[in-house]
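Trainee: Could you take me closely through one part of this model, the contacts made by charged side chains, and then place that part in its surroundings?

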Amino acid sequence: MHGGDEITETAVSAMLDANELLQVIAPDPDSRPDVIVVVADDVIGSSTFSFLRRFQSAGGAQGPRVVVVADRFRSEDMLVAVECGVTALLARNEIKESTLASAVLAVHRGAALIPFRLQGILLSQLNQLRLQVLTPAGLTLTGVEARERDVLRLIADGYQTDEIAGILSYSEGTVKNVLYGWMARMRLNSRAQAVAYAMRVGVI
């Protein structure tokens with residue numbers, strides 16, 4: 001739990017401690033919390049994001065989920081918030097003991113609690129990121145290269161390597177390198193596994 005001041009931290013800790021399913025621990029990047037609760041007097045800023053990044057770095061592939069309680073939230077900070085693990089944004093004036101504990105438990109189970117207005121802004125920002133940064137670099141939001149996706153989709157449609165090369169205007173060697181590169185990165189052993197995995201994770 002990370003609060004803006006001692007009074008806030010004490011009050012929020014008391015709210016969470018009242019729920020027997022929750023255990024409140026001191027904010028420490030060396031600890032491994034499942035959920036971090038951040039309470040701001042006004043709006044969270046760069047110091048809070050810096051604090052949260054320490055946990056994301058320490059958490060490896062997936063750091064703790066974050067619940068933010070604030071008077072207001074800047075829409076331009078949405079992508080930064082997601083990068084820092086924020087999955088719930090709650091209005092401070094609406095927080096009660098039961099609602100805060102319920103939000104923490106919901107986030108721990110994998111839910112996201114973001115106001116509808118900010119959801120729309122986040123989707124718009126993600127689309128801008130895709131158009132302006134990822135697509136020019138040949139990448140997608142899934143982290144898969146566009147040409148990997150194209151090759152895998154054609155393999156799933158039953159085309160052979162030489163046919164794919166003709167359709168995409170690649171050399172046959174390039175098609176094989178793209179396929180084997182994907183298989184090596186995902187630790188897959190066959191074309192069938194490569195296609196099945198790509199379909200399972202939504203790449204194609």
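Mentor: Start with Arg149, which counts as partly exposed because its relative accessibility is 26%, and the partly exposed class runs between the cut-offs of 20% and 50%. Keep in mind that the model is predicted. Arg149 makes a salt bridge with Asp150, and the closest N and O atoms of the two are 3.7 Å apart. Asp150 is also partly exposed, at a relative accessible area of 22%. The contact does not end with these two residues: salt bridges with shared partners link Arg149, Asp150 and Arg153 into one network.

The structure as a whole has six salt bridges. Another of them joins Glu148 to Arg185, with 2.7 Å between the closest N and O atoms. Glu148 belongs to helix H6, residues 146-156, and Arg185 to helix H8, so this salt bridge ties together parts that lie 37 residues apart in sequence. The two ends differ in exposure. Glu148 is buried, since its relative accessibility is 4%, whereas Arg185 is partly exposed, with a relative accessible area of 42%.

A further salt bridge is found between Arg53 and Glu83, where the closest N and O atoms are 3.6 Å apart. Arg53 is in helix H2 and Glu83 is in helix H3, residues 78-83, so parts 30 residues apart in sequence are tied together by the pair. Arg53 is partly exposed, at a relative accessible area of 33%.

The helices that carry these charged residues also lead to the aromatic contacts. There are two aromatic pairs in the structure. One is formed by Phe51 and Phe55, in an edge-to-face arrangement with 5.1 Å from centre to centre and 65° between the planes. The edge-to-face label follows because planes over 60 degrees apart are classed that way. Phe51 and Phe55 both sit in helix H2, residues 46-58, and they are four residues apart, about one turn of the helix. Both rings belong to buried residues: Phe51 has a relative accessible area of 9%, and Phe55 has one of 4%.

The other pair is Trp182 with Tyr197, which is tilted, with 6.0 Å centre to centre and 50° between the planes. Here the partners come from separate helices. Trp182 is in H8, residues 172-186, and Tyr197 is in H9, residues 191-200, so the pair ties together parts 15 residues apart in sequence. Trp182 is buried, with a relative accessible area of 2%, while Tyr197 is partly exposed at 24% relative accessibility. Helix H8 thus takes part in two of the contacts described here, because it holds Arg185 as well as Trp182.

Now the strands. E3 pairs with strand E2, residues 35-39, in the parallel sense, over five bridges. Within that pairing, Ile36 stands opposite Val66 in E3. E3 also runs parallel to E4, and five bridges join the two. There, Val68 is opposite Leu89 of E4. E3 is mostly covered, with five of its six residues buried.

E3 and E4 come up again at the second largest pocket, which holds about 230 Å³ of space. Thirteen is the number to read for its lining: of the 13 residues, Leu89, Leu90, Ala91, Glu94 and Pro115 are the closest to the centre of the pocket. Strand E3, 65-70, and strand E4, 86-91, each give at least two residues to this lining. The largest share, three residues, is from E4. Sorted by class, the lining of the second largest pocket consists of nine nonpolar residues, one polar residue and three charged residues.

For the overall frame, the chain has nine helices and four strands. Their order along the sequence is β-α-β-α-β-α-β-α-α-α-α-α-α. Of the 204 residues in the chain, 37% are buried. To return to the part you asked about, the network of Arg149, Asp150 and Arg153 is held by salt bridges that share partners, and both Arg149 and Asp150 are partly exposed.

Key: Residues are numbered from 1 along each chain as its sequence is written. This is a predicted model: local features need pLDDT of at least 70, side-chain atom pairs count only at pLDDT 80 or more; totals for chains, interfaces and linings use all residues. Side-chain values use heavy atoms; hydrogens and water are left out. Rings of Phe, Tyr and Trp (its six-membered ring) pair if their centres lie within 6.5 Å; planes under 30 degrees apart count as stacked, over 60 as edge-to-face and the rest as tilted. Buried means under 20% relative accessible area, exposed over 50%, partly exposed in between (1.4 Å probe, protein chains only). A salt bridge is a side-chain nitrogen of Lys or Arg within 4 Å of a carboxyl oxygen of Asp or Glu. On a 1 Å grid over the protein atoms alone, a cavity is a set of points where a 1.4 Å probe fits but cannot get out, and a pocket is an open set with protein on both sides within 12 Å along at least five of seven lines; lining residues have an atom within 4 Å of a point. Grid points are joined across faces, edges and corners, and a volume is the space filled by probe spheres set on the points. Ala, Val, Leu, Ile, Met, Phe, Trp, Tyr, Cys and Pro count as nonpolar, Asp, Glu, Lys and Arg as charged, and the others, Gly among them, as polar. Two strands pair if DSSP finds at least two bridges between them.
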